[in-house]
Amino acid sequence: MGVPELMFRVSFMAVLIKLASATNYIVGGPSGGWDTNSNLQSWASSQIFSVGDSLVFQYPPNHDVVEVTKADYDSCQPTNPIQSYNDGATTIPLTLPGKRYFICGTIGHCSQGMKVEIDTLASATNSVTPAASPEDSTTSPAESPEVIISSSPSPLFQTHLESPTFSPVIPSTEFPASTSPLAQHSSDLSASSTSKGNLQAYVAVVLSFLIMLMSF
């Protein structure tokens with residue numbers, strides 16, 4: 001559904017709702033009327049008039065309805081009317097928001113209180129704003145906030161972790177050729193007891209080293 005079609009539907013529904021809820025106000029009613037005995041301004045102050053409502057003036061032939069400016073309303077001057085009515089049953093639609101002023105044009109009636117100020121409010125349904133379309137509500141890439149993520153860590157949060165290293169100490173197994181237990185054993189089976197003792201010592205060292213390697 002496009003935006004123009006959506007706006008048309010919302011406006012159409014607003015008109016229907018307003019037509020259904022429009023009110024006809026009998027001026028001065030229900031206990032009074034358009035006459036000098038009713039407190040017309042007090043009645044008007046107790047009402048809420050909206051665009052689409054109507055005022056209904058009911059009066060005998062010795063009265064009329066004259067719409068005037070604010071200045072003529074204050075001075076009860078009917079000689080420069082915006083509009084005048086004398087049919088005895090006048091219905092005036094309230095088509096625009098704002099204040100309108102009505103008096104009776106019969107001499108002396110306005111000064112006796114036969115005057116009313118009507119303050120028309122804009123209809124609530126006319127102030128409904130259609131929901132923004134996805135095209136309107138989507139922020140363009142140029143307007144979207146740019147977030148820059150640095151690949152290098154911040155110095156405040158940089159930690160130096162050094163991986164522990166394990167370097168086993170391996171005793172050297174190199175022996176001089178002249179003192180190698182294997183060479184000495186192969187070359188001279190009749191060595192002295194001292195040489196045999198040395199050979200056994202070397203063998204013990206080698207075996208100990210091999211056992212240590214196997215334990216890792």
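## Chatting through rings, sheets and a disulfide

Me: Hi! I'm looking at the aromatic rings. Which residues do ring pairs link into a cluster?

Reply: Hello! Y25, W43 and F49 are the ones, joined into a cluster by ring pairs. Keep in mind as we go that this is a predicted model.

Me: Good to know. How many aromatic pairs are there by this rule?

Reply: The count comes to five aromatic pairs. One of them is W34 with F57, an edge-to-face pair with 5.0 Å from centre to centre and 85° between the planes.

Me: Why give both a distance and an angle for a pair of aromatic rings?

Reply: That is how a pair of aromatic rings is described: by the distance of the centres and the angle of the planes.

Me: Okay. And where do W34 and F57 lie?

Reply: W34 lies in the loop between β1 and α2 (40-45), while F57 is in strand β3, so the pair ties together parts that are 23 residues apart in sequence.

Me: Are W34 and F57 buried or exposed?

Reply: Both W34 and F57 are buried. There is also a tilted aromatic pair, Y73 with Y101, at 5.2 Å centre to centre and 50° between the planes. Y73 belongs to helix α3 and Y101 to strand β7, so this pair links distant parts of the chain, 28 residues apart.

Me: What about Y73, is that residue buried or exposed?

Reply: Y73 has 7% relative accessibility, and because buried means under 20%, Y73 counts as buried. Y101 is buried too, with a relative accessible area of 11%.

Me: Let's zoom out. How many helices and strands are in the chain?

Reply: The chain has six helices and eight strands. Starting at the N terminus, the elements run α-β-α-β-β-β-α-β-β-β-β-α-α-α.

Me: And what share of the residues counts as buried?

Reply: The chain has 216 residues, and 25% of them count as buried. The chain exposes about 15300 Å², with carbon and sulfur atoms supplying 60% of that area.

Me: What about contacts? How many join residues at least 24 apart?

Reply: If you take contacts between residues at least 6 apart in sequence, 69% of them join residues at least 24 apart.

Me: Now the sheets. What order do the strands take in the open sheet of three?

Reply: The order is β1-β3-β6, and the pairing is mixed. β1 (24-26) and β6 (89-93) are at the edges with a single partner strand each, so one side of each has no neighbour in the sheet. From one strand to the next, the twist averages 25°.

Me: How do strands of a sheet pair, by the way?

Reply: They do it through backbone hydrogen bonds, either parallel or antiparallel.

Me: So in which sense do β1 and β3 pair?

Reply: β1 and strand β3 (residues 54-58) pair in the parallel sense, over three bridges. Y25, which we met in the ring cluster, has L55 in β3 as its bridge partner. β3 and β6, on the other hand, pair in the antiparallel sense over five bridges. There, Q58 has A89 in β6 as its bridge partner.

Me: Which residues of β6 are on its covered face?

Reply: T90 and I92 are on the covered face, and A89, T91 and P93 are on the uncovered one. In a regular strand, side chains alternate between the two faces of the sheet.

Me: What about the open sheet of five strands, what order does that have?

Reply: That sheet runs β2-β8-β7-β4-β5, again with mixed pairing. β2 (49-50) and β5 stand at the edges, each with a single partner strand, so each has one side without a neighbour in the sheet. Within this sheet, β7 and β8 pair in the antiparallel sense over six bridges, and G98 has T120 in β8 as its bridge partner.

Me: Last topic! How many disulfides does a search of the whole structure find?

Reply: It finds one disulfide, formed by C76 and C110, with sulfur atoms 2.1 Å apart. C76 is in the loop between α3 (70-75) and β5 (83-85), and C110 in the loop between β7 (98-103) and β8 (115-121), 34 residues apart.

Me: Is that disulfide left-handed or right-handed?

Reply: The torsion about the S-S bond is about -70°, so the disulfide is left-handed. C76 is partly exposed, at 24% relative accessible area, while C110 is buried, at 5%.

Me: And C104, where is the nearest cysteine sulfur?

Reply: The nearest is that of C110, 8.3 Å away, and C104 is in no disulfide. C104 counts as buried, at 2% relative accessibility.

Key. Residues numbered from 1 in each chain as written. Predicted model: local features only at pLDDT ≥ 70, side-chain atom pairs only at ≥ 80, totals over all residues. Heavy atoms only, no water. Helix = DSSP H or I, 4+ residues; strand = E, 2+ residues; numbered from the N terminus. Buried < 20%, exposed > 50% of the residue type's maximum accessible area, 1.4 Å probe, protein only. Contact = heavy atoms within 4.5 Å. Areas by Shrake-Rupley, 256 points an atom, 1.4 Å probe, with all protein chains shown as cover. Pairing = 2+ DSSP bridges. Axes fitted to C-alpha atoms, helices over the stretch in contact; angles between N-to-C directions. Disulfide = S-S within 2.5 Å. Phe/Tyr/Trp six-rings, centres within 6.5 Å; stacked < 30°, edge-to-face > 60°.
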